[in-house]
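Work through the following exercises with the sequence and the model at hand. Each task is followed by its solution.

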Amino acid sequence: MSDILCIYYSRTGNTKKAMEEIAAELGAELAELRDGVDRSGWKGWIRCGLDAVRKNTRPVEPAATERPLGEYRLVILGTPVWAGRESAVMRSFLRDHGAEIKNAAYVITRSSGSRYREVYRQMDLNVPAGHRAAVSLRSGDVGWAFWLEEFLRQVRTVLEGQ
Ligand SMILES: Cc1cc2nc3c(=O)[nH]c(=O)nc-3n(C[C@H](O)[C@H](O)[C@H](O)COP(=O)(O)O)c2cc1C
């Protein structure tokens, strides 16, 4: 049983791909968040955008994790960027459970050239412990593997220092 958790929301698979790679490298447990909302197609896209801009939150379905969140050495949270913000699904999850996390790291994925570092601060608003490492990955970008490796290096340094 791993004491590192990779937990993510992914609408179209980019964040899922990153989190699967990270979990495999670290031997971490992997869990997916769902909010039971149909976010498919163009109607789903608009709904995601509105939820992000309006900061809507809905209850997220409980993710089956092997331990309570507070018992992991590190919780790595993965989310796409929606309208310059964390996804509404991740915001909902952190609003309800962020305070339970002792050590957090963030993985955000996006499609544009901006790195959206402000998203880390938005996520910290619901994670009182703050984050120890973070990375912003652009889907399809040549830098994807480089930045993912750099993130793993940061995470290993955090784990060695614990
Ligand atoms: C509603 C919506 C808004 C988005 N807004 C942004 C944005 O502001 N900036 C950006 O770079 N990408 C934006 N994207 C693109 C996603 O962040 C990007 O494709 C991400 O990798 C998708 O991750 P996923 O496949 O795990 O869902 C947006 C996507 C959606 C659905």
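**Exercise 1.** Find what share of the contacts in the protein between residues at least 6 apart in sequence join residues at least 24 apart.

Solution. Two residues are in contact if their C-beta atoms, placed from the backbone, lie within 7 Å. Among such pairs at least 6 apart in sequence, 76% join residues at least 24 apart.

The model is predicted: local features need pLDDT of at least 70, side-chain atom pairs count only at pLDDT 80 or more, and totals for chains, interfaces and linings use all residues. Residues are numbered from 1 along each chain as its sequence is written.

**Exercise 2.** Describe the order of the elements and the overall dimensions of the protein.

Solution. Step one: assign helices (H or I, at least four residues) and strands (E, at least two) as DSSP runs, numbered from the N terminus. The result is five helices and six strands. Their order from the N terminus is β-α-β-α-β-β-α-β-α-β-α.

Step two: take the radius of gyration over C-alpha atoms and compare it with the globule rule, 2.2 Å times the number of residues to the power 0.38. The radius is 15 Å, close to the 15 Å that the rule gives for 162 residues, so the protein is as compact as a globular protein of that length. Along the principal axes, the C-alpha atoms fill a box of roughly 45 × 35 × 25 Å.

**Exercise 3.** Determine how α3 is placed with respect to the rest of the structure.

Solution. Step one: call a residue buried if 20 or more other C-beta atoms lie within 10 Å of its own, exposed if 12 or fewer, and partly exposed in between, with C-beta atoms placed from the backbone. By this test 36% of the 162 residues in the protein are buried.

Step two: apply the test to α3. Ala88, Val89, Met90, Arg91, Ser92, Phe93 and Leu94 are buried. These are seven of the ten residues of α3, so the helix is largely enclosed by the rest of the structure. Its buried residues pack against α2, β3, β4 (85-86) and α4.

**Exercise 4.** Which residues touch the most other members of the largest nonpolar core?

Solution. Step one: join buried Ala, Val, Leu, Ile, Met, Phe, Trp, Tyr and Cys residues through C-beta atoms within 7 Å. The largest core has 41 residues, and Cys6, Val75, Ile76, Leu77, Ala105, Tyr106 and Val107 touch the most other members. β3 gives the most to this core, with six residues.

Step two: inspect Cys6. Beyond its neighbours within four places in sequence, Cys6 is in contact with residues including Met19, Ile22, Leu30 and Ile76.
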